[in-house]
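Q: Could you take a close look at one part of this model with me? I'd like to follow its pairing outwards, step by step, and see what lies around it.

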Amino acid sequence: MCSPLKGQPVGEIHSVSLNRGEPVTFKIPGGKILLEASIKFTIVRQDINVLGQPVGAADRFKVSTRGYMYSVMSSDGEEQIAWHWHPSGSSDVEYPHSHIGTAALNPDGLLKKKHHVRTGRMTFESVVFNMIQWGVTPRNLNFQEILEMNQTVFDKWKSWG
C-alpha cells in the first residue's frame, strides 16, 4: 500500500508498506518466517547530484528515504530482528538501529530486547539478502546480481550514510 501521490508530490512525505501492511510468509528450513516492511520517502528535485555535478532532465527528481521499519518474525509473530530508522517519530532514538527479538537473545546475554543497536542505513535489499542467508529460497536465480545492482544504484544517489 502506498500513500496517494496526488497534486504536487515533491517535498511531501509519503509511505509505502509491503503487502498492505500485512506480514509476508517465507519458508525456511524447519519452518517459516514473516516479514513486515514499510518505508517513508519524499520526492526531491535536484539540480546537482551528490558529487556537485549538474544533472540532466532524466535525473532531475529522486526519491529520498525519510524512515523505515523492517521486521523479521518467527511463524508465531515473535520478532526475531528489526531494523528501524524513524527520525521524525515519537521516539527520541533518531539514528538507524536494530532490535534483537527475545527469541534470539540469551537471558544472560549482553543485549536486551529494548536495546537500540546502532547501524548504518539499512536498505530493503539488505533485508532480503539477510533473509536469503537465513534460508529463504530466492525466486530468481540472479538474485545476487539484482540485489547488488539495486544496492549500487542506491549507493550512487544516497545523500548520507
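**Strand β3 and its surroundings**

A: K27 stands opposite K32 in β3, and that pair is a handy place to start. One caution before going on: this is a predicted model, so please read the distances and angles below in that light.

Let's begin with the strand pairing around K32. Strand β2, residues 24-28, runs antiparallel to β3, and 5 bridges join the two. Together β2 and β3 make a hairpin with 2 residues between them. In that turn you will find G30, with a positive phi of about 85°.

β3 has further partners. Strand β1, residues 13-17, also pairs with β3 in the antiparallel sense, over 5 bridges. If you want a landmark for that pairing, pick I13, whose bridge partner in β3 is T42. On to β4: here 13 bridges join β3 to an antiparallel neighbour. R45 is a good marker for this pairing, since its bridge partner in β4 is F61.

R45 is also worth a second look for its side chain. The side chains of R45 and D47 meet in a salt bridge, with 3.7 Å from N to O. D47 has another such partner in R60, and there the closest N and O atoms are 3.3 Å apart. That second pair links distant parts of the chain: both D47 and R60 lie in the loop between β3 (31-45) and β4 (61-74), 13 residues apart. How buried or exposed is D47? D47 is partly exposed, with a relative accessible area of 47%.

A search of the whole structure finds 3 salt bridges. One of them joins K158 to D155, with 3.6 Å from N to O. D155 counts as partly exposed at 37% relative accessibility, and K158 is partly exposed too, at 27%. As for the residues beside β3, salt bridges that share partners join R45, D47 and R60 into one network.

Now to the nonpolar side of the picture. In soluble globular proteins, nonpolar side chains tend to be buried together. The largest nonpolar core here has 15 residues, and those touching the most other members are Y68, Y70, V72, W83, M122, V127 and M131. β3 gives two or more residues to this core, and so do β4, β5 (79-85) and α1 (124-133). M122 is a nice one to click on: leaving aside residues up to four places away in sequence, M122 touches Y68, Y70, W83, V127 and N130.

That brings us to α1, where V127, M131 and I132 are buried. Those three cover an arc of only 140° around the axis, so they sit on the same side of α1. What covers the buried residues of α1? The cover includes β3, along with β2, β4, β5 and α2 (143-157). Just past α1 comes G135, whose phi is positive, near 120°.

To bring it back to our starting strand: β3 pairs antiparallel with β1, β2 and β4, contributes to the largest nonpolar core, and is part of what covers the buried residues of α1.

Note on methods
Residues are numbered from 1 along each chain as its sequence is written. This is a predicted model: local features need pLDDT of at least 70, side-chain atom pairs count only at pLDDT 80 or more; totals for chains, interfaces and linings use all residues. Side-chain values use heavy atoms; hydrogens and water are left out. A salt bridge is a side-chain nitrogen of Lys or Arg within 4 Å of a carboxyl oxygen of Asp or Glu. Buried means under 20% relative accessible area, exposed over 50%, partly exposed in between (1.4 Å probe, protein chains only). Helices (H or I, at least four residues) and strands (E, at least two) are DSSP runs, numbered from the N terminus. Two strands pair if DSSP finds at least two bridges between them. A nonpolar core is a set of buried Ala, Val, Leu, Ile, Met, Phe, Trp, Tyr and Cys residues joined through side-chain atoms within 4.5 Å. Contact means heavy atoms within 4.5 Å. The arc is that of the directions from the helix axis to the C-beta atoms.
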